[in-house]
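Subject: Structure for your review

Hello,

The structure we discussed is below, and my notes follow it. Please read them with the coordinates open.

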Amino acid sequence: MQALGLGRGCIPFHVCRCRRTAASPSAPAPPRPRNATRLNTRIAAVRASTAQPTQMERAHAEEPARVVKLRAVEATPESFAPFGQVIAASPDGDEFGPHDAQLDLSRGVPRFYIMRLQDRPLEFSTITHHASVTQCLGSIGGQDWYLGVAKPSIVDGPSDQSGQEGRKPLQSPAGHCYLPPDPAEVCVFRVSGPKFLKLNRGTWHAGPLFKADAVDFYNLELSNTNVVDHTTHHFKKHDGIIFVVED
């Protein structure tokens, strides 16, 4: 770990080295306040304490990120169950059942739209969750795509509860509390053919990612999801990690 530098100290008093003459004797130095040393010491301590976080952040930012390679797994109803559902085609006339997307759109106005994504290579260093809505994602035309995920980690409130490696709860700008995702629990799924994913509320997700230059996706969420319900964890900043997908 790089040693931290101290902040600026107090400016020392300068001693005049000019030759004195009898005609113009130097005026006696004013008496030094008794608490001057204590005050200067406090100023130096404050300067040092305010300088240290900036230096620590700079040192952390300069550290090279560690690349973690993840092998993509095919998304099936069984493999993706901890994170949501995989929805495939069903015959016309089938009644609603557990094989259909179990949606929660009750906390706002649903928004169903097509989003065009470009230049999403198979790597990521951030991951996001939405606490108030399930989300559905699928590629138009059934092109293959990839999604990094981690299990939901929303908690009831700030407490002494902690996750793996002592991770403490944080409060999202959206208002809820959550445990930061553990890098060791991140995995990647490949979605092949005409199917889509339904993400459970709070599921961490990174992507969609793909090998093509651009892919259109249909997306079902709430009208304000990306404005008021967008909690992001930065693996590169907080864990020094970049994930690369292998397939």
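In these notes, a residue is buried under 20% relative accessible area, exposed over 50%, and partly exposed in between. By that cut-off E74, at 25% relative accessibility, counts as partly exposed. Please keep in mind that this is a predicted model.

Strand β12

Strand β12 covers residues 187–191, and 4 of its 5 residues are buried. Strand β2 (residues 73–74) pairs with β12 in the parallel sense, over 2 bridges. Within that pairing, V73 has F189 as its bridge partner in β12. Strand β8 (residues 145–150) runs antiparallel to β12, and 5 bridges join the two. There, V149 is matched with C187 of β12.

Salt bridges

The whole structure contains 7 salt bridges. Three of them are described here, beginning with the one that involves β12.

The side chains of R190 and E74 form a salt bridge, at 2.6 Å from N to O. R190 belongs to strand β12 and E74 to strand β2, so this pair links distant parts of the chain, 116 residues apart. R190 has a relative accessible area of 17% and is therefore buried, whereas E74 is partly exposed at 25%.

D239 and R167 form another salt bridge, in which the closest N and O atoms are 2.6 Å apart. This pair also links distant parts of the chain: D239 is in helix α3 (residues 235–239), and R167 is in the loop between β9 (154–155) and β10 (170–171), 72 residues apart. D239 is partly exposed, with a relative accessible area of 22%, while R167 is buried at 12% relative accessibility.

Salt bridges that share partners also join K69, R71 and E246 into one network. Within this network, the side chains of E246 and K69 meet at 3.9 Å, N to O. E246 lies in strand β17 (residues 241–246) and K69 in strand β1 (residues 66–71), so their salt bridge ties together parts that are 177 residues apart in sequence. K69 is exposed, with a relative accessible area of 57%, and E246 is partly exposed at 27%.

One item to look at together is the contact between β2 and β12. The two strands pair in the parallel sense, and the salt bridge between R190 and E74 has one residue in each of them.

Regards

Technical notes:
Residues are numbered from 1 along each chain as its sequence is written. This is a predicted model: local features need pLDDT of at least 70, side-chain atom pairs count only at pLDDT 80 or more; totals for chains, interfaces and linings use all residues. Side-chain values use heavy atoms; hydrogens and water are left out. Buried means under 20% relative accessible area, exposed over 50%, partly exposed in between (1.4 Å probe, protein chains only). Helices (H or I, at least four residues) and strands (E, at least two) are DSSP runs, numbered from the N terminus. Two strands pair if DSSP finds at least two bridges between them. A salt bridge is a side-chain nitrogen of Lys or Arg within 4 Å of a carboxyl oxygen of Asp or Glu.
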